[in-house]
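These are my notebook entries on one structure. I set out to look up how its chains meet, what lines one of its pockets, and where charged side chains pair.

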Amino acid sequence: MTQIPVAGQDRPCGLRERKKARTRAAIRRHAFRLFRANGYQRTTVEQIAAAAEVSPSTFFRYFPTKEDLILQDDMDTQVAEALARRAGRPADDMAVRTVAGALIGVILSITLPVDDLPGDDQAMTAMFERLDEALALLEAGLPL
Amino acid sequence: MTEIAGASQDRPDGLRERKKARTRAAIREHALRLFRANGYQRTTVEKIAEAAEVSVSTFFRYFPTKEDVVLQDDMDTRMVEALERQPADLSPLTAVRAAVRDAFASYTEADLAVIAETTRLTMTVPEIRARATDEFARTIGVIGEALAKRAGRPADDLAVRTAAGAIIGVMMSITMPWHGWSSDMQTIEDVFGRIDQALALLEAGLPL
């Protein structure tokens, strides 16, 4: 699991940056859970903020509008940028985008559907082990 | 394995199956027409069902949510059928590449126009986009099942799921560039050419 090559390993990732990333991820996770449960239209920013344990004004610092939760779906961009930096290529390079897409696809194939994400640490660890195994399979050229 | 290769041709495609496919297509056609005319938000499931001459509960039997009418584009069904036709001795990725090419060759102008339109809706309507991840998971499952059949493995096999995830992930990264998307960005032909290129890179072990 340690080698999910998402965040560039060499990038200095300060405590504050990490905390911000965590808050951002928590807001999105709760938002998507509520969208699924109650529908996008009926879920308010207030409900999302309450679920993620932040104030509405904090919410708006991360996401200017409710729509941005969805439209700033930045996982593939972040992965592509990290890979591009490592490879010394532009982020829109075809090979970089392909690797990013394959990685995200493999990660999602293990973690979806999000509702079924394991609740306890032990199950979470097992999921990450599966993910690590899956990434090793990708590295080995997807033997089947 | 050879039986599977020809399966879709000799499978007696029952009257009921054909009728179901027709109903599904009709619901989709009317939905897209109404979305175009009145906007996605203002088109209710009731109106779609009425136009397609089915009951609301029938609508929901075919599509669990309104978003799914846009997202479930049957491309995966065509790809699975094309995959079943590939020779059994091809590697999974080679077979998938050939299947994508075959599926694309089978698209009519009208099919391509529908794909362009549903892609535009997915990119621009937040609630559709919010649901896209579920569609992503569903498609991984569908392709995974087809790969499992070819490989003679169970569908929940890790290697099967990983291959399906990588294939769909690569295809999505080409068809759904979440950032900087614009409707006139590329022609559909161009997109399929790039999908082929990306699958070739996956086949070559993702050189970087």
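**Entry 1: salt bridges between the chains.** I began with the term itself: a salt bridge is a side-chain nitrogen of Lys or Arg within 4 Å of a carboxyl oxygen of Asp or Glu. I note that the model I examined is predicted. Applying this rule to the boundary between chain A and chain B, I found zero salt bridges. I then looked up polar contacts, and two residue pairs are in polar contact between chain A and chain B, both at pLDDT 80 or more.

**Entry 2: the side of chain A.** I next asked which elements of chain A give two or more residues to the side that touches chain B. They are α1 (15–38), α4 (66–71), α5 (75–87), α6 (94–111) and α7 (121–139) of chain A. The most comes from α6(A), which gives 13 residues. By residue type, I recorded 21 nonpolar, six polar and nine charged on this side of chain A.

**Entry 3: extent of the contact.** I looked up how many residues take part: 36 residues come from chain A and 40 residues from chain B. The area buried between the two chains is about 3400 Å². Carbon and sulfur atoms give 72% of that area. In chain A, the residues that lose the most area to chain B are M94(A), L142(A) and L144(A), together 21% of what that side buries.

**Entry 4: a pocket.** I turned to the second largest pocket, whose volume is about 1300 Å³. Its lining holds 35 residues, and A21(B), R24(B), D74(B), T77(B) and E81(B) lie nearest the centre. The elements giving two or more residues to this lining are α3 (15–38), α5 (56–62), α7 (75–84), α9 (109–124) and α10 (126–151) of chain B. The largest share, 11 residues, comes from α3(B). I sorted the lining by type and obtained 11 nonpolar, two polar and 22 charged residues.

**Entry 5: salt bridges over all chains.** Side chains of opposite charge can pair when their charged atoms come close. Over all chains I counted 11 salt bridges. I looked up one pair, K149(B) and E84(B), whose side chains meet at 2.8 Å, N to O. Why does this pair tie together parts that are 65 residues apart in sequence? K149(B) lies in helix α10 of chain B, whereas E84(B) lies in helix α7 of chain B, so their pairing ties those parts together.

Conventions
Residues numbered from 1 in each chain as written. Chains lettered and ligands numbered in written order. Predicted model: local features only at pLDDT ≥ 70, side-chain atom pairs only at ≥ 80, totals over all residues. Heavy atoms only, no water. 1 Å grid on protein atoms, 1.4 Å probe; cavity = no way out; pocket = protein on both sides within 12 Å on 5 of 7 lines; lining within 4 Å. Points joined across faces, edges and corners; volume = space filled by probe spheres on them. Helix = DSSP H or I, 4+ residues; strand = E, 2+ residues; numbered from the N terminus. Nonpolar A, V, L, I, M, F, W, Y, C, P; charged D, E, K, R; others polar. Contact = heavy atoms within 4.5 Å. Buried area = accessible area lost by both parts, 1.4 Å probe. Polar contact = N/O pair within 3.5 Å; in protein donor to acceptor, adjacent residues only side chain to side chain.
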